[in-house]
Amino acid sequence: MINDLAARKQEHFPGRVISCQSTDSGFLFRCDNGVQLALYVVTDKILRFRYAADGGFAPDFSYAIPAEQARRELEFLEFKEKPDHFRITTERLICTISKENAGVRILDRSGTLLSADEKGFHWEYEYETGNDIVKMSKQVQSGVHYYGLGDKPDNMNLRGKRYSNWGTDTYGYVKGSDPLYKNIPFYLELHQKIAHGIFFDNTFKSYFDFAAERADVTSFWAMGGEMNYYFIYGPTLLEVTQEYTRLTGTPELPPLWALGYHQCKWSYFPESNVKQITQGFRDRQIPCDAIYLDIDYMDGFRCFTWSPQHFPEPQRMVRELAEDGFKTIVIIDPGIKIDPDYSVYTEALEKDYFCRRGDGPLMKGSVWPGLCNFPDFTRPDVREWWAGLFKGLIQETGVKGVWNDMNEPAVFEKGTFPDDVRFDYDGQPATHKKAHNIYGMQMARATNDGVKRFAYPNRPFTITRSTYSGGQRYSSGWTGDNIASWEHLWLANIQCQRLSISGFSFIGSDIGGFIDTPDGELYVRWVALGAFHPFFRTHSSGDHGDQEPWSFGEQYMELAKSFIELRYRLLPYMYTTFWQYVTEGTPMLRPLAFLDQTDTDTYLRMAEFSLGDHLLVCPITQAGADGRWMYLPRGEWFYYWTDEPKTGGAEVWASAGLDRIPLFVRAGAVVPMYPVMQYVGEQVVEQLTLHVYYTEGEEQSVLYDDGGEGYGYEQGQRTTRRFRVVGSAQGLTVQQEIEGDYQPTYTTYRVVLHGLPSAVDTLVVDGQTAEATPATLETGLTLPQVVIPAGFGELKVG
């Protein structure tokens with residue numbers, strides 16, 4: 001007798017396509033063995049593929065794609081049936097479906113092959129769970145390179161490696177550790193200088209093999225669920241990330257202070273210690289906007305409580321910290337202590353909000369409070385309840401932000417929940433195998449809803465350790481429990497770039513390392529890098545020593561302070577870059593290949609990255625170095641510290657003692673800067689500095705402003721200032737166009753002119769002559785400057 005289940009341990013494939021039906025959203029192909037392929041033309045650049053092996057499709061649901069995601073109208077869509085295939089053509093792509101086996105090939109409109117199935121879709125039945133292991137394999141194109149996949153701590157180019165997505169509390173990870181905390185099943189592929197991306201929207205444990213097992217095949221698969229993936233065309237890497245990020249959603253603009261410097265430790269307590277730390281910043285005049293309270297602020301690690309011993313009057317303390325410019329951020333974990341005298345626990349128990357095991361008992365696991373139960377954040381009513389719990393912390397006590405940790409979910413000794421734990425999954429019941437990878441994301445979603453509700457009219461700030469694709473809509477993040485080592489400084493650079501190009505730009509690392517203690521040199525080099533990451537926070541484990549900027553002696557404190565001050569001067573540039581991310585999906589941190597994918601010398605580079613449009617950064621990641629060789633993308637650049645001009649398309653030496661980080665500015669850029677503040681809002685900015693860099697040619701820059709707080713920008717209270725710089729051997733012209741109604745506090749610009757080929761003879765502002773005066777900058781350079789009205793239209797320099 002043949003055992004049918006045993007027989008199904010082999011791989012299965014689609015049969016011959018016997019029909020194709022046009023639908024409102026795409027095309028449905030049916031095979032003679034019951035397999036179905038639904039192809040959705042999302043845009044002229046995005047194609048979605050869903051496969052059903054048995055009995056039709058499950059309800060179409062995704063945590064990654066916002067429900068309100070509107071389908072864009074197509075200007076051109078053509079469908080043709082050929083003798084051996086079907087062909088679908090958009091304005092940008094040609095997709096063919098083989099009649100023999102439903103194999104997919106995708107080309108651009110010039111006929112260049114972008115993607116071709118190898119085995120294509122196939123599956124294998126898993127007897128233990130009843131799920132199908134769904135698989136996709138594709139041919140490896142010549143000279144291909146792979147990027148993305150979130151927080152993987154490995155080389156930038158993923159070719160030749162295999163990775164998995166299964167959010168894991170990986171304490172003290174090292175290069176190559178896998179998996180880590182975040183689950184972002186999206187990668188970019190570059191070949192023949194043309195880019196596309198694949199987003200595999202499946203929340204089960206998934207795997208990606210980038211030509212590791214077989215050099216001519218790349219594949220991805222999941223331990224259940226549906227083969228459901230998006231093909232995203234560029235043709236540039238930058239456009240692929242933009243399309244993916246717009247598809248999965250962008251965050252709201254953060255409060256400006258969230259882009260300032262943050263100080264954290266496990267743990268600052270009692271109140272006297274917190275006050276000592278914050279006073280240390282103000283006494284030493286080191287800018288800082290946020291102070292964090294780790295788990296010891298709670299009463300016995302019970303979430304939403306305060307320790308009566310350590311923090312007897314939290315409302316007063318938080319108010320006094322706010323008066324000194326500090327925003328208080330507190331940690332909240334998912335584990336709710338089993339305690340009949342604890343109201344959060346008893347309410348959730350009464351309302352049946354906790355996760356249950358397969359046979360009905362509540363899920364129990366040990367974390368910081370001891371034995372805990374865990375809310376099912378995949379239930380809308382639980383998320384609503386959880387959001388409401390933040391009233392006390394945010395509205396009543398005055399806390400400004402919340403930090404979600406341990407939400408992979410992590411359980412001591414066991415790693416995570418057992419597979420049989422059940423979840424509502426927004427009305428589509430599932431086990432932990434399906435819900436694990438989105439647990440942290442849904443906790444962050446509920447947390448953000450609560451913080452936003454009770455912070456209003458101000459903007460929310462939240463941070464999460466674990467997330468899934470689309471989680472950038474709800475939270476910022478950090479790269480987890482790293483180590484105070486030079487290797488981890490190198491990893492921080494790679495991971496933050498990789499997360500940024502994977503749609504999650506609001507990211508940073510624990511500066512100095514969470515585990516062990518850095519020396520002063522490593523700490524300063526890390527602060528220098530962190531100053532160019534969107535999330536800028538020192539965090540450390542208290543049992544490894546102090547890690548405040550002054551902990552390593554006066555010399556290192558002054559160096560760290562100078563980089564923190566540089567970050568505060570760059571806040572208008574950073575905020576504008578964030579606005580571009582929110583409105584256009586543009587990654588804030590961009591690896592070299594994203595700057596010029598026509599230059600093959602950029603493909604394997606990892607250290608260099610741009611922040612926004614015009615700043616190029618390359619950290620020092622070795623002890624004792626006084627500079628480094630780095631690659632400059634093609635074009636003209638100025639070394640920030642000396643104004644020395646450099647031509648790109650080559651390696652250059654960047655001299656960088658401990659007081660510098662290799663930093664270049666694109667020729668023609670207009671870089672806006674604030675005066676140094678001890679915290680955002682400490683002083684009214686009456687004059688904005690514009691650093692204008694000479695170019696022989698033309699360059700565009702932008703400055704966005706809306707005050708950095710509140711929601712007035714949604715009603716038009718915002719201003720976008722676009723600068724056009726045109727230079728020649730005879731001089732320089734700067735033109736400004738202003739859009740929007742927001743009136744900033746500054747009324748004048750201090751324009752500092754960099755790299756002029758000759759001395760300034762004439763200055764004309766909107767037809768009126770002006771006079772240049774010398775300005776000595778923080779870098780020690782003395783350059784010509786002119787003060788002009790912030791509403792100017794044209795500045796001519798001759």
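In this predicted model, R465 is buried, its relative accessible area being 1%, and its side chain nevertheless has a charged partner, for R465 forms a salt bridge with D169 in which the closest N and O atoms are 3.5 Å apart. The pair links distant parts of the chain, since D169 belongs to the loop between strand 12 (162–165) and strand 13 (186–191), while R465 belongs to the loop between strand 27 (462–464) and strand 28 (476–478), 296 residues apart. D169, with a relative accessibility of 29%, counts as partly exposed, because that value lies between the limits of 20% for buried and 50% for exposed.

Two further salt bridges lie within helices. In helix 3 (residues 271–284), E271 and K275 are 4 residues apart, about one turn of the helix, and their closest N and O atoms are 3.6 Å apart. Here E271 is buried, with a relative accessible area of 12%, whereas K275 is partly exposed at 25%.

Helix 4 (residues 314–323) holds R316 and E320, likewise 4 residues apart and so separated by about one helical turn; the salt bridge between them has its closest N and O atoms 3.0 Å apart. Both residues count as partly exposed, E320 at 28% relative accessibility and R316 at 21%. Elsewhere, salt bridges that share partners join D169, D405, E408, R465 and D481 into one network, and a search of the whole structure finds 49 salt bridges.

E73, by contrast with the buried R465, is exposed, with a relative accessible area of 73%, and lies in the loop between strand 4 (46–52) and strand 5 (77–81).

Terms used:
Residues numbered from 1 in each chain as written. Predicted model: local features only at pLDDT ≥ 70, side-chain atom pairs only at ≥ 80, totals over all residues. Heavy atoms only, no water. Helix = DSSP H or I, 4+ residues; strand = E, 2+ residues; numbered from the N terminus. Buried < 20%, exposed > 50% of the residue type's maximum accessible area, 1.4 Å probe, protein only. Salt bridge = Lys/Arg side-chain N within 4 Å of Asp/Glu carboxyl O.
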